[in-house]
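Thanks for coming. I have a few slides' worth of material on one structure, and I will keep to the sheet and two backbone details.

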Amino acid sequence: MIKTLKCLQQLKETPFDISKDKPRLMGLYDAIHKIANDKNGFVRQSSGMMKALKIGKLSESEEKNWLNYAGEIYASYAAVKMYEESQQGTLRISAEELEQVLSFYLNGRCSKEVTAIGIYVCAQQMNEENPMQSYELTKKAFTVYPDLASLLGVKYRYKGKVTEEELTEVCPWCGSKGEDIVPYYCSPQVMQLDNNQSFPPAKLWMKCRHCGNYFTFNFPKSNVGIINGHYTQEGKEKKLQNKFSLDNYNSIFNQFKALTSGADYLEIGTGTGEMLAVALEFGYHVEAIEICQEDAERISSFLGVDVKWCDIAEYETDKQYDVIVMGDVLEHVIEPAKILKKVKKMLKKDGVLWISTPNYNCAYARMEKFSHCMWHALNHYTYVSFESLNEVLQSIDMEVIHYDMSARYIGSMELFIKHQDK
Ligand SMILES: [Zn+2]
């Protein structure tokens with residue numbers, strides 16, 4: 001394949017000389033004829049062409065036209081074939097070959113569609129080794145052909161700047177920037193964007209070498225109220241739908257009871273409302289904050305609980321609580337370190353803060369590497385490990401009392417946190 005692409009590129013780039021190029025052209029046609037089979041009726045149409053070429057019946061410009069036609073067919077075949085193989089995980093291509101294939105699609109003067117698929121496939125091959133280039137090339141592919149996703153069966157049109165303008169170069173955990181921040185992994189998320197215009201086609205994860213945490217380079221930060229929530233649904237049935245079996249929360253609430261006797265409970269981020277309902281069953285006086293308006297309204301009216309529609313980043317109160325719950329929220333917020341400081345002030349002296357969030361050093365992540373779902377979640381902005389989060393907590397005089405693996409989310413940790421004794 002590489003040889004054919006190279007030959008094709010050479011023929012396209014050099015002035016066409018019928019006597020000199022004819023053997024190369026015939027060889028190329030033979031190769032394309034065999035490989036491309038009858039995609040787009042190429043074999044049928046090219047049989048006559050092969051005959052005419054052999055007896056030298058065509059003019060120079062006719063030969064050149066046929067070359068371009070065959071080249072386009074082959075390039076599109078090669079791009080699609082590479083895409084299919086990369087999806088199946090069977091594509092084996094060396095770094096040198098990848099460079100050659102990429103340069104063909106970048107310079108090959110194919111149609112926009114073929115160029116875009118070719119570049120996109122190349123971008124996918126370097127998302128671990130060269131994540132920044134993978135991200136740039138994905139953008140390039142979508143810039144060349146903004147409807148590229150439709151070729152992959154996904155309703156999504158790339159709008160360039162709208163989704164790309166919010167870039168982060170400073171670690172949201174420790175404030176480091178510059179050389180401390182390195183590209184880590186580029187997640188291709190196009191296939192998740194059917195009828196969803198809120199995200200760019202690839203997500204670039206950055207690693208902060210100072211604190212060890214990860215954050216998203218390109219993230220729609222001003223849309224947090226739109227991209228988060230929507231866990232409750234307006235259905236025919238008049239009920240709130242639970243996502244997990246509610247007895248999953250037994251051990252969590254029994255820990256709360258063991259750690260503090262108070263009953264003032266605040267939940268930040270309500271999800272489906274199920275944990276709030278369990279808190280009511282366990283006898284807590286319940287309040288909540290939720291960033292998604294429809295979820296806040298539905299859960300409020302269903303459970304009869306005061307759920308404020310508000311971003312925790314903007315929420316101000318002097319009230320303090322015995323139990324504060326942040327279930328799978330931290331990975332969504334834009335200024336996590338600031339939020340933790342704020343929440344600490346809202347926790348009573350003997351109160352318990354419960355945090356569930358993905359742990360990038362969890363057992364699942366160690367086993368699954370980049371196949372782990374955490375690297376492909378659309379609306380997750382940042383990740384910590386137990387060790388790195390513990391450091392942040394200690395720096396604000398809080399300590400982890402108990403650690404559990406989440407029974408609900410693969411790769412999340414559940415931490416029970418209290419103020420440090422002084
Ligand atoms: Zn950092």
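I will take the sheet, then a helix beside the strands, then two loop residues. Please keep in mind that this is a predicted model.

Start with the sheet. Four strands form an open sheet in the order S1-S2-S3-S9, and the pairing is antiparallel. The edges are strand S1, residues 181-188, and strand S9, residues 382-383, each of which pairs on one side only. As a reminder, strands of a sheet pair through backbone hydrogen bonds, either parallel or antiparallel.

Now one pair within that sheet. Strand S2 covers residues 202-208 and strand S3 covers residues 214-216; 3 bridges join them in the antiparallel sense. If you want a place to look, find Lys207, whose bridge partner in S3 is Tyr214.

Next, the helix. Helix H7, residues 131-144, lies across S1 and S2. Its direction is at about 50 degrees to S1.

Last, the backbone. Which residues other than glycine have a positive phi? I have two to show. His230 has phi near 60 degrees, and Lys369 has phi near 50 degrees.

Where are they? His230 is in the loop between helix H10 (224-227) and helix H11 (250-259). Lys369 sits in the loop that runs between helix H15 (363-368) and S9, and S9 is one of the edge strands I mentioned.

Are these residues buried or exposed? His230 has 11 C-beta neighbours inside 10 Å, so it counts as exposed. Lys369 has 10 C-beta neighbours inside 10 Å, and therefore also counts as exposed.

That is what I have.

Methods:
Residues numbered from 1 in each chain as written. Predicted model: local features only at pLDDT ≥ 70, side-chain atom pairs only at ≥ 80, totals over all residues. Pairing = 2+ DSSP bridges. Contact = placed C-beta atoms within 7 Å. Axes fitted to C-alpha atoms, helices over the stretch in contact; angles between N-to-C directions. Buried ≥ 20, exposed ≤ 12 C-beta atoms within 10 Å, placed from the backbone.
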